[in-house]
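Thanks for coming. I will take one structure today and go through it piece by piece, so please have the sequence and the view open.

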Amino acid sequence: MSSSAAAACASLASKLRGRVITPDNTRYESERDFPWSQTCWLPASCFVRPRTPDEVATVLKVIKDAGCQFVIRCGGHNCNVDISSVDGSGVVIDLRDLNSISIDKPSRIAHIGAGSNWGQVYAFLEVYGLTAIGGRQKDVGVGGFLLGGGLPAFSNLHGLGADSIVNFEVVLADSTIVNANEKENLDLYRALKGGGSNFGIVTRFDIQIYEIKAQYTVNMYDPADYANILRAAVEAQEAMETDPKYGMFVTFYPTMSVVGLFYADWVSETPKAFQPFFNLKSLVNSVVPTTNGTIKSLVDSLGPATHLRRQVYTACSKISYDLYLDVHKHWLEMLKKYPGAGNLFYAIQPVSTAVSQKGDARGNTLGIESISQSWWAFAAEWSDEVNDQAGYQGVKELCSGMQNIAQNKGQLLDMIFMNDASTSQNVLSSYGADNVRRLQDAATKYDSEGVFQKLQKDGFLLRKI
């Protein structure tokens, strides 16, 4: 334990009694082992659980005065080490007690504490017949999802999660509490829409909410039929350009392919673009049969994630059947090369031009090209620490190989999606020079001493540019 972290923990314990968890506390182990990935089960000097924005401001002042490292945790779903977890050199600011949710029904605005998860949000809103543009797993935290952009089930309908935010409540580095929206602190408002944790600690998100029907099916296929599965995926992606109600993911695991087929309406016949998937002879079964439901029931059907050791990478490309085939063959080679990587898999996540257009109109900072595209998610899941090197190297090489293939074909796009990225990837630079300059200007203005660059342990930080 570092001396600065020890001093911060002692000071916090005196100021926020009962909300600081140190190694001698019976709750310490459950706090340490909360994150989604076991690689993030690190022994922080202490975990602090503020309940109000004022308490967050107090925590930040103590940490700043002590000069110790810190990380911010909401849902703990990011599997990069040192983003929401830290060893004895620092303090974890755990926001899960900032979990209040309320709505203003006439304006259809929901006020959501940054420590909430999407399961809590969907359950609350369902009572009112409404929903949010949020995560596809219920245990994903609201804060990290929205600050990274946030890819929902129906991105073509209302854009990314960040595009529905109308206001941020933020604790700045000097412990002042401000709002950021179109009328107040507009530069901060735009920077936070995809800019991550570079500017302050967001304690509340005010977001637009909607009525959305969801018809969904999750099918399992024999992965040996990858050529036909990928052809059906390309055809469905092309249809998304003319019908924003389509949503989909296509995932290849070593032993199966899983395809999520989503449509934002209750229709009596299978949507035309999805019919090829149902005609494939490689269809094993429907893990989730076609259901008319809601975003909540859709997310519930996908189930919670299990605790394993994990690492992720991401890349972005144009839609290309030939590219998909070559990337799949590369993945098959990686399975042979890195058997210790365990469940080494990839997912294709379609994004239409509508997502770029909505992002531009609502001022997110991701710089998404106005072109139909795929956001690739690469991941490795393994259970034993002895395979850490294979897991990390396998998924890294899977991603870099895909990028090389796409680059050689003229199909690679600059965009790197923060929510699916490794911290070794240059996410913020991928947003484009103009957006980077705006992010840097906002950080200088709202954190003139560079607290969030100097003291945060790691993350998608401007100091890396």
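I will go through the sheet, a hairpin, the cores, two helices and the charged pairs, in that order. Keep in mind that this is a predicted model.

Start with the sheet. It is open and built from 8 strands, in the order β13-β10-β12-β11-β15-β16-β14-β17, with antiparallel pairing. Which strands stand at the edges? They are β13, residues 283–293, and β17, residues 412–413; each has a single partner strand, so one side of each is left without a neighbour in the sheet. Further in, β10, residues 214–221, pairs with β12 over 7 bridges, in the antiparallel sense. If you want one pair to look up there, Tyr-221 stands opposite Ser-257 in β12.

A helix also lies across part of this sheet. That is α13, residues 388–408, and the strands it lies across are β14, β15, β16 and β17. Relative to β14, α13 runs at about 0 degrees.

Next, the hairpin. β7, residues 165–171, and β8 pair in the antiparallel sense, with 4 bridges. Between the two strands are 5 residues, and in that turn Ser-175 has a positive phi of about 70 degrees. Across the pair, Glu-169 has Asn-179 of β8 as its bridge partner. β8 itself, residues 177–180, has two faces: Val-178 and Ala-180 are on the covered one, Ile-177 and Asn-179 on the uncovered one.

Now the cores. In soluble globular proteins, nonpolar side chains tend to be buried together. Here the largest nonpolar core has 101 residues, and the ones with the most contacts inside it are Trp-118, Phe-154, Phe-168, Phe-205, Ile-207 and Trp-375. Helix α3, residues 53–66, gives the largest share of this core, 6 residues. Another core lies apart from it, with 44 residues, among them Tyr-221, Leu-280, Tyr-338 and Leu-398. Tyr-221 is the residue I just placed opposite Ser-257.

Back to Trp-375 for a moment. What does it contact, leaving aside neighbours within four places in sequence? The list includes Leu-151, Leu-160, Cys-316, Ile-348, Leu-366, Met-415 and Phe-417.

Two helices next. α3 has 14 residues and reaches 20 Å from its first C-alpha to its last, close to the 20 Å expected at 1.5 Å a residue. Its buried residues include Val-56, Val-59, Leu-60 and Ile-63. After α3 comes Gly-67, with a positive phi near 70 degrees.

The other helix is α8, residues 226–240. α8 has 15 residues and spans 21 Å, first C-alpha to last, close to the 21 Å expected. Among its buried residues are Tyr-226, Ile-229, Leu-230, Ala-233, Gln-237 and Met-240.

Last, the charges. Side chains of opposite charge can pair when their charged atoms come close. How many salt bridges does the structure hold? The number is 23, and I will show three.

The first joins the side chains of Arg-19 and Glu-55, at 2.2 Å from N to O. This pair links distant parts of the chain, 36 residues apart: Arg-19 is in the loop between α1 and β1, and Glu-55 is in helix α3. Are these two buried or exposed? Buried means under 20% relative accessible area. Arg-19 counts as buried because its relative accessibility is 14%, and Glu-55 is buried too, with a relative accessible area of 14%.

The second is also in α3, between Asp-65 and Lys-61, at 2.8 Å. They sit 4 residues apart in the helix, about one turn. An α-helix has 3.6 residues a turn, so residues three or four places apart point the same way. Asp-65 is exposed, at 54%, while Lys-61 is partly exposed, at 47%.

The third, Arg-437 with Asp-441, has an N to O distance of 3.8 Å. Both lie in helix α14, residues 433–446, again 4 residues apart. Arg-437 is partly exposed at 41% relative accessibility, and Asp-441 is partly exposed at 45%.

There is also a network of salt bridges, which links Glu-31, Arg-49, Arg-73, Asp-94, Arg-96 and Asp-97.

One loop residue to finish. Lys-272 is in the loop between β12 and α9, and it is exposed, with a relative accessible area of 68%. Its C-alpha is separated by 58 Å from that of Gly-67, 205 residues away along the chain. That is my last slide.

Terms used
Residues numbered from 1 in each chain as written. Predicted model: local features only at pLDDT ≥ 70, side-chain atom pairs only at ≥ 80, totals over all residues. Heavy atoms only, no water. Buried < 20%, exposed > 50% of the residue type's maximum accessible area, 1.4 Å probe, protein only. Expected span 1.5 Å × (residues − 1). Pairing = 2+ DSSP bridges. Core = buried A, V, L, I, M, F, W, Y, C linked by side-chain atoms within 4.5 Å. Contact = heavy atoms within 4.5 Å. Salt bridge = Lys/Arg side-chain N within 4 Å of Asp/Glu carboxyl O. Axes fitted to C-alpha atoms, helices over the stretch in contact; angles between N-to-C directions.
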